[in-house]
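Q: I have a structure open on my screen and would like to talk it through with you. Could you take me around it, a piece at a time?

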Amino acid sequence: MEYQFNAGSIPLLVSMPHVGTDIPDDVAAAMTPAAFDKQDTDWHLARLYDFLGEMGASTLSARWSRYVIDLNRPPENTNLYPGQDTTGLCPVDTFHREPLYLEGRVPDQAEVERRLRLYWKPYHERLRAELDRLLALHGAVVLWDAHSIASHVPRFFEGKLPDLNFGTADGASCAPGLSEAVVARALAQERYSVAVNGRFKGGHITRFYGKPDASVHAIQLEMCQSTYMDEQAPYGYRPDRADQVRGLLREMTRAAADWVRG
């Protein structure tokens with residue numbers, strides 16, 4: 001299977017496109033040692049969000065590493081943040097600019113197209129099908145795109161990133177009421193810093209599938225990994241930190257589901 005999927009009963013689908021760690025053998029053969037550290041993975045998110053099943057939410061998470069193909073990039077590989085540095089559909093380097101491929105082994109267009117067909121398309125077909133199923137059942141649905149990143153990545157932003165970064169494509173991917181209901185829960189606490197449509201406004205999944213006029217409301221949450229894990233290898237899960245933020249995640253996802261059900 002090219003992904004992990006669980007169908008739920010409430011109008012909430014949580015997508016985790018960057019949790020995958022598998023690299024096919026034929027792709028791995030062309031890669032440098034830096035690729036196998038997989039440092040840019042959204043580590044442990046499935047564990048952090050493991051309350052979703054009892055809530056009745058649907059979940060979709062990636063099997064393949066983002067170094068194989070980035071499920072949160074458009075298939076045309078257009079830059080989602082014009083004028084700013086970002087990694088592409090088939091990344092050629094890590095967030096710290098370490099080459100991912102041996103000399104002369106960077107994927108050509110034919111290889112990119114092959115990976116789109118084998119790894120990118122199945123994830124998006126399942127995502128679309130589940131949104132349509134939930135929409136038919138409930139009349140409206142929330143797509144929550146879950147991400148995490150190291151709190152300091154100079155390539156992409158200066159200093160430390162806020163702990164919780166919500167993206168709604170500057171308000172285009174969901175109704176204002178949804179973002180207000182979710183962000184209100186975040187602002188009600190004092191442990192974590194919060195940003196809305198800051199450095200991370202939402203990737204391809206949020207922007208492409210979020211169609212509030214069609215009753216599909218998408219919101220992205222990019223979390224600092226320091227809130228729940230060690231940011232250095234071997235990237236250990238920290239229950240002492242995670243237990244603190246899990247309660248807030250539960251509140252916010254519940255608020256999203258409650259809002260869409262009216």
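**Talking through the model**

A: Gladly, and a good place to begin is the cysteines, since the structure holds zero disulfides. Please keep in mind throughout that this is a predicted model.

Q: Which side of the buried or exposed divide does Cys 90 fall on?
A: Cys 90 is buried, because its relative accessible area is 12% and the cut-off for buried is under 20%.

Q: And what is the relative accessibility of Cys 224?
A: For Cys 224 the value is 0%, so this cysteine counts as buried too.

Q: Let's step back a bit. How many helices and strands does the protein have?
A: The protein has eight helices and seven strands, and its C-alpha atoms fill a box of roughly 55 × 40 × 35 Å when the box is taken along the principal axes.

Q: What does the radius of gyration say about the overall form?
A: The radius of gyration of the protein is 18 Å, and because a compact globule of 262 residues would have a value near 18 Å, the two agree.

Q: What share of the residues is buried?
A: Of the 262 residues, 57% count as buried. As for the outside, the protein exposes about 11,100 Å², and carbon and sulfur atoms supply 50% of that area.

Q: How far apart are the mean positions of the positive and negative charges?
A: They are 3 Å apart, taken over 28 positive and 35 negative charges.

Q: What about contacts between parts of the chain that are at least 24 apart in sequence?
A: If you take the contacts between residues at least 6 apart in sequence, 79% of them join residues at least 24 apart.

Q: Now some single residues. Where is Thr 94?
A: Thr 94 sits in the loop between β3 (58-62) and α5 (109-138), and with a relative accessible area of 0% it is buried.

Q: Which residues does Thr 94 touch, apart from those up to four places away in sequence?
A: With those set aside, Thr 94 touches Ala 34, Gln 39, Asp 40, Tyr 67, Leu 100 and Arg 155.

Q: What else is in that loop between β3 and α5?
A: Arg 97 lies there as well, and its phi is positive, at about 65°, although Arg 97 is not a glycine.

Q: Why mention the sign of phi?
A: The sign is worth a look because most residues other than glycine have a negative phi.

Q: Is Arg 97 buried or exposed?
A: Arg 97 is exposed, because its relative accessible area is 52% and the cut-off for exposed is over 50%.

Q: Where else is there a positive phi in a residue other than glycine?
A: Tyr 235 has one, with phi near 55°. Tyr 235 lies in the loop between β7 and α8, and at 7% relative accessibility it counts as buried.

Q: Which peptide bond is cis?
A: The bond from Ala 233 to Pro 234 is cis, with omega near 10°. Pro 234 is found in the loop between β7 (216-224) and α8 (239-261).

Q: Let's move on to Thr 206. Which helix is it in?
A: Thr 206 is in helix α7, which covers residues 204-209, and with 1% relative accessibility Thr 206 counts as buried. Beyond residues up to four places away in sequence, Thr 206 touches Asp 145, Gly 167, Ser 173, Ala 218, Ile 219 and Gln 220.

Q: And where is Phe 200?
A: Phe 200 is found in the loop between β6 (194-196) and α7, where it is buried, with a relative accessible area of 10%. Leaving aside neighbours within four places in sequence, the contacts of Phe 200 include Tyr 81, Ile 149, Phe 157, Leu 161 and Phe 166, and Gly 167 and Gln 220 are also among them.

Q: How far is Phe 200 from Cys 174?
A: From C-alpha to C-alpha, Phe 200 and Cys 174 are 15 Å apart in space, with their positions 26 residues apart in sequence.

Q: Last one, Tyr 119: which helix holds it?
A: Tyr 119 lies in helix α5, and at 9% relative accessibility Tyr 119 counts as buried. The C-alpha atoms of Tyr 119 and Leu 71 are separated by 8.3 Å, although these residues are 48 apart along the chain. Apart from neighbours within four places in sequence, Tyr 119 is in contact with residues including Leu 71, Trp 64, Pro 24 and Glu 2.

Conventions: Residues numbered from 1 in each chain as written. Predicted model: local features only at pLDDT ≥ 70, side-chain atom pairs only at ≥ 80, totals over all residues. Heavy atoms only, no water. Helix = DSSP H or I, 4+ residues; strand = E, 2+ residues; numbered from the N terminus. Rg over C-alpha atoms; globule rule 2.2 N^0.38 Å. Buried < 20%, exposed > 50% of the residue type's maximum accessible area, 1.4 Å probe, protein only. Contact = heavy atoms within 4.5 Å. Areas by Shrake-Rupley, 256 points an atom, 1.4 Å probe, with all protein chains shown as cover. Lys, Arg positive; Asp, Glu negative; His and termini not counted. Charge placed at Lys NZ, Arg CZ, Asp CG, Glu CD. Disulfide = S-S within 2.5 Å.
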